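Please look over the sequence and the model shown here; the report that follows deals with ring contacts and with one sheet.

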Amino acid sequence: MKISRRKLLAYSVLGLAVKPVLAALPSNDGVRRLSLVLREEQRNWFDDIEHQINVWGFGQDLLRLRQGEPVEIEVWNSLPVPSTVHWHGFRIENAMDGVSGLTQAPIPAGERFTYRFTPSDAGTFWAHSHHKTYEQLARGLYLPIIVEENSPVDVDQDIHLAIDDWRINQSKQLDLESLGAMHEWAHGGRLGNFLTVNKQVRPKYIVKAGSRVRLRLLNTANARIFAVNVPVKATWILSKDGQPLVTPKPLDESLLLAPAERYDLAIDIPQDARGNIPIQMPTDSGPIDMALLEVVGTVQNVRGYPPIALPSNSLEEVGFINEPKISTVLDMQGGAMGSLRQAIYDGKNMSMQELIQHKQIWAFNGVANRPVAPLLEVRSGDVVEIDIRNNTGWAHSMHLHGHHFKAELPRYSSGIWHDTLLMDSKENAKIRFVAGKPGSWLLHCHMIEHQAAGMVSWIKVVS
């Protein structure tokens, strides 16, 4: 089953117009020490310098780490409000997961917190706020992360594209007054009207004819599903959500990215290419250029063979043949045009009218927002299955912290790993994973307004 073109455009296109602070600290004992600053930033997205736009960020657009190398990342919060940093897609210790109120207290304004972990997986990941995320993510508080493989990958160039939409007002600033609008929370989430890639407008990257480019795509938007066209015939999918495919898959159609999903592609730039190759978002009125690959020069040695698979990460295999040790159902309910009439919130059974007063309109298994008791309690090493049923009128982007899982859903090739899964209205998907490190791991919709308005639960893993 695929999302229809009409529905895709409704999700993707509606309303859309088209000095580093990262510092290296002394390193010893094999631990790499870094410092990041959460801060206010300015971006010049318009022609006149007077209209620099105020956003939030990490002071730079990319962080590179190395697989297997321990890091200590000291995060200074120079914002006027508390925040946290969630390391999305990383299989790390639970205390480092960065979820406000579950794994840590928020970092107060003017204070700092040190995250310590070892990236076990190479691939494309990201960091973002997990405190009042619906606001802080919309203001730009995120950072793409590349975890480099231990051995070289057969590409000539590595380019990341973090795709985002922003809500801009008439004053050419972020529309902060609309944050928290209940109508958006009950429908498809907050959609912006201004497109950027790597927080730039239609950026351009130099490539060579005949070269092989690794293109890393990341959807950092609050709620928009992006469709991406790469108009190069020789294009393959290398990985999904940081986990390599066993065999690279040729890409011959638009690629859908739900919020928080990532794809790594291999693109062979044609030998006769000249000028600009656009990376585009298709619309009914024609494609929108998101970024440009400008062809300058030619490589000497042109590959005449498809890409080989990226080195696999150390994930314990799981399939759907045998029965899982533990299974449960996750019933997604609520939203506009939904059938939810009541749900438990904050330990009390409330009518829909009462829920709306608390800005809750979605539920998992009849519970709005994070419940006191976990959805499941499992042991490390257990094979777990969750039967997710989307009984709502809207698409959702389901994300499980601290784990990767496999899914039975026709939209995706079988056998690939996910940490985030796009589910259309009325779709069901069974996901399976091996319970990992002990702790409390969040499971939520990454259309962030849906999470804030009730679509969030958690699993407890014990040793």
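## Aromatic pairs

Rings of Phe, Tyr and Trp (for Trp, its six-membered ring) are taken to pair if their centres lie within 6.5 Å, with planes under 30 degrees apart counted as stacked, over 60 as edge-to-face and the rest as tilted. This is a predicted model, in which local features need pLDDT of at least 70 and side-chain atom pairs count only at pLDDT 80 or more, while totals for chains, interfaces and linings use all residues. Residues are numbered from 1 along each chain as its sequence is written, and side-chain values use heavy atoms, with hydrogens and water left out.

Ring pairs join W87, F90, F113, Y115, F117 and F125 into a cluster. Within the cluster, W87 and Y115 meet edge-to-face, at 5.5 Å centre to centre and with 70° between the planes, and both residues are buried (under 20% relative accessible area, where exposed means over 50% and partly exposed lies in between, with a 1.4 Å probe and protein chains only).

## The open sheet

Four strands form an open sheet in the order β4-β9-β8-β6, with mixed pairing; strands are DSSP runs of E of at least two residues, numbered from the N terminus, and two of them pair if DSSP finds at least two bridges between them. The edge strands, each pairing on one side only, are β4 (63–66) and β6 (86–88).

Strand β4 runs parallel to β9 (residues 142–148), to which 4 bridges join it, and L63 of β4 stands opposite I145 in β9.
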